[in-house]
Structures are given as C-alpha cells and as structure tokens.
Amino acid sequence: MMLKHDLRLALRSFRRNPILTALTVSAIAAGIGAAMISITLYHARAGHPIWWKEHQLFAVTLDARGSDHTGEELMRHPEYPPDQVTYRDAQALYRSDIPKHAVMMYRTARVVDPGKSGVKPFGVTARLTTADFFPMFDTPMRYGAGWGRAADTTPDPIVVLSSRLNDKLFNGANSVGRSITLNDRQFRVIGVADRWMPQPKFYDMTTGAFDVAEDLYMPFGWATELKLSPAGSINCVTPSAKVGGFDSLIDTDCVFMQYWVEIPDTAALRRYQQFVDNYTNNQKQYGRFVRPTNNRLYDVPAWLDRNDVVGDDSRIDVVLAVVFLAVCIVNTVGLMLAKFLGAAPVTGLRRALGASRKHIMHQHLVEVVLLAVIGGAVGVLLARLGLWAIKAMTYVPGPDDGPERRALADALAHMDYSMVVLAIGISILTGILAGLYPAWRIGKAAPASFLKAQ
Amino acid sequence: MEIRHMLSALWRTRTGPILIAVQIAFALAVLVNVTYMVEQRLAAYSEPTGIDIENIFWVSTTAYTPDYDQKSALESDLQWLNSLPGVIAASASVTLPQVFWGIGLPFSASADPHAPNEGSRLYMMSARAVETLGLKLASGRTFSPAAVAPVSADVGTALGKWAPEVLITQTLADRVFPNGDALGKNLYVGLVNRSAKVVGIIQTMQGAPITGPFSRWGRQAVIVPINPPGPNGLYLIRTHPGRQAEVMARVEKEFVDRVPGRYVVQIQTLARTAYNTRNGLRTSSIILGVVTLLVLAVSAIGIFGLAVFNVTTRTKQIGTRRAVGARRFHILRYFLVENWLVTTSGVVVGCVLALAGGVIMSRLAQAPRLPLYYLVGGVLFVWALGLLSVLLPARRAADISPAVATRTV
C-alpha cells in the first residue's frame, strides 16, 4: 500500500524533472551496461566445463626441465612445470593402476578423402588418445561407443567421429560400421560423438583455450604405427634434447602430450603423487629430472588457473567497469541530491502535514531504486548491443568455419539468465547505494527550514 | 581575490563538490592508466614489420597420397610461381610471418649447450626469401643458392640437419653478439647442436606483434635456407604493387591442378593475416577507449549538473552581486575558479589513485610502471575538461540580470 503510494510519487517526480531523470537513467544504464559486458565476458571465460567431476580429474605435469631453460626469467610463474609431458614419461605413467582412468593423448592432422566424385579431400584434426578418453571426460555419444584399451596397442583401424565430421561425410546418418579414408588408409567408424564443445577446452589448451574439439579420435597406437607428428605445441625442455624426426621426438626431452587421470578419492591421490615422485626420482640416475622434485597434479579449476584462461584483459576490463560503475553511482548521488533539494518545499509541506521522517526517507529511496532498476533494464539492452559489437569485432570468419566455431564465438559473448538476474541485483544495489545519502539528507532536514518563504 | 569566501561557501554546501571531486579522482585514475595501456598496445600494433606486407599473399596445400613427391612439387611450384607476370619473388616456407604460432629455438654464440642462449623465432625458407619478404639487409648478403638445404622427411629431421648459412635480425644480433660483430660469426643452435655462418643481418623483421615483457621476441628472427618438407606446402608470393589481385586469382584457379594428390587449404593476403593477428589488440584497445570516454562523459555531466544546480539556487545572490557592482566577468570568473578548486582537489586525490592503479596494473599485466608524464598530461586534460563543462552554466550565470535582486522569488 505504502509502496504503491511511493511509486506513484516517484513517477510524478520523474514527470516534474524529465531531463534530470533521463540523465540519471542514462548514467546508471551506462554504468550497468559496461559492468554487465565485462562480467559476461569474464563469466564465459571462467567457465566450469566439467563441473560434475572437476575435482576428480587431474592434469599430470612433471618438471623435466634442464637446469637452465631459455626465457624463464621472463615468465610470470617460472616455478610451474611444463604443461605437457614427454612420450617416454607418458608411457611410464600409463603403467600405474592407481587412477580409475588414465589418458595419454595429442593432436595431429589428417586428410579425409570422401571418395565421392566432385568432393575434394580436406584436412581434419585428429586426437590420438588412449581408450579412457570417452568415459573419463563423459563425452556424449550419438551413435555407437568408444573403444577398449586392447584396441590402443594393436592398434585397431577404428575411429570415433565428431558429429560435425559425421554431418559432413554421412549427412548426420548413423555411420557406425561404415568406413572412411584417412590418407590412403581405411578406418571403420565405431562411434559418433554428440555435439560436444567443452569451454574452455580444458583437456588440451595448447592450440587455444577456446577452440572446437577435434574432428575425430583414433586409438593411440597409430601414433607410432604411422609416425604421426603432433599438430600442437612441442617444447624441448632440456639443452641436451635432440630435435630430429618422429623417432627422435618420442625418444627425447620434448614435451608434446597431454596426460590426465581420474582419481576419485584423496588417499589414492596421495598414493599417485607418491608414485609420480618415485618415478621422476628414479629417473635422476639417468641424468634426467635434474631439478628438485616438482611434479604437480592439477584438478580442473586449478588447471584453468595455472593456464591463466581468464586472461589479464578480462580482469582489467572488470576492474575498469566496476570503477566506472562507482563513478556513475557517485554521479547519481549528486544528481539525486540536487533533485531532492530542488523539490524540498514540497517535501517540507508533506512533513508539516504529518509524514514521518522515516516515510520521507523511504519514499525517496524508492524513487532512486526505481530509477536504478529502469537504468538497469536499459543497461542490459546496452550490454547486449555491446556484446554483439564485440563479437562482430573479434570473430573473424574462416574459410570453412562450421556452425561449431560460430557457436563458440556466440558462447563467449552470451548473456545467460544468471547474468540477467545478476544485473537486476546490481541495479537494486546501485539504487540503494546511490539513494541512501540523498534520502537520509532530505529526511533529516527540519520541515520548517523548507517552509520559510525565500 | 575572493578565494577565502569561495572556500567557505564550498564548505557550507560540501556534499555536491565532494562528490564531483571523487568522480574527477576516479576519472583521472582511469584516464591515465588506460591511455598508457592502449598506448602500449598500439605501439605493438603499428610497429614496423620490415616486411612488404601489402604486396604479399600466401597459399597453403596438403598432400594426401603416398606417391606425392615434395621435392619435385616444390621445384615445379617455385619455378612456375616465379615465372608468373607481376610476381617479384616467391618462396616456400614452413611457417608464416605475422602470426603468433611458429617455431622457436635457442641460439647462442658458443658451442657449449649450457652457455647463455637467446630464444628466437625461426623461419625455414627456400631461396629468394629476402626478396619475397621484401626485407632490407643492414649488412652482409643473402644466402647463396648452393647453401639451401634439400627437402627432408619432416620438419624435425630438417632442423636436425640444419644448413651452412643463416640470416638473423639486428635485434637478435645485438643480443647474441653484444660486441656488434655478428656478421661472419658462427651461430650455434641449441637442441639440434648445429651451427651456421651468419652471412647477413636483417634491419627489421617483426614476426608477430607482442606486448609486454616478451615483446623483444617479436623482433628476433633467424631465416635458415632449407627447402621445406612435406606433406604440407606453404608458398609466399610477392607481387609488384597493384598486381596482387590478378596474380592471386590466377594462382587460386590453377594451383591445385598443377600437382596431383594435394588440395589447397587456404589462400590469403598477408595483409589480411596481419590484420587478423592484431584483432585482439585492436578490440581490447577499443573497449578500453570506449569505457574511458564514458567515464569522462559521465564526470563532465556531473560537473555540468552541479554547476547548473548552483546557478539555479544562487540566482538571487548573483543578481544581488551584479546589482552592487560586480561585472559579468566577475560572475563568470567566480564559477570558473570555484569549479577549478573542486576539480583540483579531485586531481590531487586522483594522482594518488592513478599511481596506485598503475602499480596494480603493472602487477596484473606485467607491464612497466606508469611513466609520470602520463600523469601530467592527464591532469592538464582533466583541468581542461572541468573548465569546458562549467563554461556554459557559468555564462548563463553571468547573463543573470541585476534586476533579479529586486524581485522576490
């Protein structure tokens, strides 16, 4: 009842002073719009791609670096071990049966020949991985399933396709049992992954934290069988590492593989850390792992943090937007104060006619909060506009971008419902912050001071 | 002057001026720090590359049949590309300039693998690399045709075999050979344990626009003459000015059918590539700039609003002053000086905020500390902005007629 009355008074006050009202709404809208843009961008980058088991999956990193490593003094965290492991170390780690699941993998490039006349061969990205990839990362399957560990060592001529590639080659039909040609060799399709795009692509961020998943998956044994070079990052971490062809790559201290384990309980995690440390300590006798033991297991949130997925720019933008919102709030305080004091005679009259000090304060606060909520609504629209503009500036369409890459650009500038709820919360908070002092000030004044004739 | 009166008047209605001063303080802190950040980004964005970007385009291919022979494909492609009318020079390469990815190796002046070394970008290119990129040599010569190493099985093998001659940029030469005697010296390559003679020094070659502490690495480059291995092909083609579109169209049409068993992955102008690479720098600069403009605009609105409010509530007093002999100029001066006092108190606090912000930003973004002349420029700008915002209301105040004093409002 009282609130309804206050709202009516607020609307009347807006009509009395439309320019000041518009200025206030636009200041609040600009502040909330900028805050929402930066928070949305931050939120999208600071995602939880596999939240349901993010504390059970661990990236394994070993400090295989030699005593001196070029450029280390420039790094922000020179103490971090390299983000990937060598072929030799991955093979050794894979022997442990402590983890529930373990995956060693890397990315490579292949060429698909559709074998149809008129359709030219095209390049695809392929992930060479051991069998546990699919159960470990809960990869959703549209058709069929992944393979068992035995298929890795044979290796079996089988592949799992992404739905993107399945759409391209088989028009989205169930292709399980069909075969495809990868660089002159036949592979049988045993599964098709459903649309799957974890963001950030936490399990391998060496080609960018926000990237689409590979076009297909092959059993790991094909790595050595076909001598497939990695299509990602290769980092040789000791001065005595020998760069050469594929045979020397898998025999030297160059890291190029991702290694992940799933360990559900802490006791097993401690045993696993012990196992890893024992392994590297044992390697010291061969002149490897010359630095003090520094092997780190990162769960998914720690891994995203270690790789600085959020990035400086997102953080700076959030700080800047919050400062801007603060300026807008201070501005609103000033404008509101001017407005309330300008209408003081009316307020004085209401006080003289019996309105309590508390009621006057309440009434003015309601007015500011209403303004802030209107400003917040305009701000959300501004933010959508701004995010659209940012997407248009940052997304450069490639020659064969599928819907996934476009969806990726959308996802990074997407304002979901949680963001809208947050915007409403920020608006109300803004209103209260901006309104408290002016409302208190106008409520505090003695009625007589306003009633005197000037 | 009437400064003391002015201060006491300000103190009596202090809330409004304090709010404005707070805004000014924030605005100054944002303005100074953001200008500095954007300046650093733009410096990387527009740094000279030393490469004739505007007249180069590239085409990449991938082979997929076992009977594809890289050696003969390379020879025939290069011969064909170099014979096209409008082409200055064409070379094969393993990686592109003006992108962030590439091959890097440690280089040193000594054969000892534990001697101090310097990381550098590596370009494995066929003959005519210097002409193709349009590079200028500071000294020495380009590599001799005989020095170009033949095609190997893969990139790793090619690196392991290396080549007898290399070209390096001046930036790298200065780091590895601080005495300035790089030309003719042996450059040792870590991880492959090879060395080659430095036959020429490139004036400038920026591989990628890099900001922050690693920016030097954007300008450190080694070109090693090796015919790139398969199955991927990458050709850079430099044309005479104005003839790029015509040559590019011809290559796009005819290139894929020249050699069987391969397909064209992409064909693009290097200008486009370089533009895309700078996308992040450009976008973040625009975002930062827009937010700063908004902060300044909102602050200006605040100053303007307060001045309008003051002029409105003081109409009678202004009229009285005019009636007792103050000239329009005095009224104008009163409001300008009053505003200047408010702005300046904001500026003082703002300087502290700006310096604190500078420390935080340099921690966050690993950038060098904010130089002081940015602060000086920011202070001057904010003063000017304050005066401009108050000018209109102050002139309105000066226009108030002395007759107002005689009326009761």
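Two residues are in contact if their C-beta atoms, placed from the backbone, lie within 7 Å. In this predicted model, that criterion gives R351(A) two partners beyond its neighbours in sequence: leaving aside residues up to four places away, R351(A) touches I360(A) and P447(A).

**Setting of R351(A)**

R351(A) belongs to helix α12 of chain A, which covers residues 344-352. Is R351(A) buried or exposed? With 22 other C-beta atoms within 10 Å, R351(A) is buried, because a count of 20 or more places a residue in that class. R351(A) also lies 9.0 Å from A448(A), C-alpha to C-alpha, although 97 residues separate R351(A) and A448(A) in sequence.

**Confidence of the model**

The model as a whole has an ipTM of 0.82 and a pTM of 0.85. For chain B, the mean pLDDT is 90, and 99% of the residues of chain B reach 70 or more. Among the elements of chain B, the lowest mean pLDDT, 82, belongs to helix α1 (residues 3-12), while the highest, 97, belongs to strand β2 (residues 87-92). Where pLDDT is low, predicted coordinates should not be read in detail.

**The side of chain A that touches chain B**

How many residues of each chain are in contact with the other chain? The contact involves 53 residues of chain A and 55 residues of chain B. On the side of chain A, at least two residues each come from α2 (18-45), β2 (101-113), β3 (122-129), α8 (246-249), α11 (311-342) and α13 (357-394). Of these, α11(A) gives the most, with 19 residues. Sorted by class, this side of chain A has 31 nonpolar, 13 polar and nine charged residues.

One of the helices of chain B that α11(A) packs against is α9(B), residues 279-313. The axes of α11(A) and α9(B) are 10 Å apart, at an angle of about 10 degrees. The two helices, α11(A) and α9(B), are therefore roughly parallel, since angles under 35 degrees fall in that class. The crossing in which α11(A) passes α9(B) is left-handed. The contact of α11(A) with α9(B) has 16 nonpolar, six polar and two charged residues.

**Two helices within chain A**

Within chain A, the axes of α2(A) and α13(A) come within 6 Å and cross at roughly 45 degrees. Helices α2(A) and α13(A) are therefore oblique to each other. The crossing in which α2(A) passes α13(A) is right-handed. Residues of α2(A) that take part include T21(A), V25(A), I28(A), G33(A) and T40(A); residues of α13(A) that take part include L371(A), G375(A), V378(A), A383(A) and L387(A). By class, the contact of α2(A) with α13(A) has 14 nonpolar, eight polar and no charged residues.

**Backbone features in the loops of chain A**

Most residues other than glycine have a negative phi, and most peptide bonds are trans. The table lists four places in chain A that depart from this pattern.

| Place | Feature | Value |
|---|---|---|
| T154(A) to P155(A) | cis peptide bond | omega near -20 degrees |
| Q199(A) to P200(A) | cis peptide bond | omega about -5 degrees |
| D138(A) | positive phi | phi near 50 degrees |
| K227(A) | positive phi | phi near 50 degrees |

Where in chain A do the two prolines, P155(A) and P200(A), lie? P155(A) is in the loop between α5 (149-153) and β5 (158-161), whereas P200(A) is in the loop between β7 (185-193) and β8 (216-219).

The two residues with a positive phi are also in loops. D138(A) is found between α4 (133-136) and β4 (141-144) of chain A. With 12 C-beta neighbours inside 10 Å, D138(A) counts as exposed, because the class takes in counts of 12 or fewer. K227(A) is placed in the loop between α7 and β9 (235-236) of chain A. K227(A) is partly exposed, having 14 other C-beta atoms within 10 Å.

**T224(A) in helix α7**

Helix α7 of chain A, residues 222-225, contains T224(A). T224(A) is partly exposed, because 14 other C-beta atoms lie within 10 Å. The C-alpha atoms of T224(A) and F246(A) are 8.5 Å apart, and T224(A) and F246(A) are 22 residues apart along the chain.

How values were computed: Residues are numbered from 1 along each chain as its sequence is written. Chains are lettered from A and ligands numbered from 1 in the order in which they are written. This is a predicted model: local features need pLDDT of at least 70, side-chain atom pairs count only at pLDDT 80 or more; totals for chains, interfaces and linings use all residues. Helices (H or I, at least four residues) and strands (E, at least two) are DSSP runs, numbered from the N terminus. Ala, Val, Leu, Ile, Met, Phe, Trp, Tyr, Cys and Pro count as nonpolar, Asp, Glu, Lys and Arg as charged, and the others, Gly among them, as polar. Axes are lines fitted to C-alpha atoms, for helices over the stretch in contact, and angles run from 0 to 180 degrees between N-to-C directions. Angles under 35 degrees count as roughly parallel, over 145 as roughly antiparallel, 65 to 115 as roughly perpendicular and the rest as oblique. A crossing is left-handed if the near helix is turned anticlockwise from the far one by less than a right angle, and right-handed if clockwise. pLDDT is the predictor's confidence in each residue, from 0 to 100.
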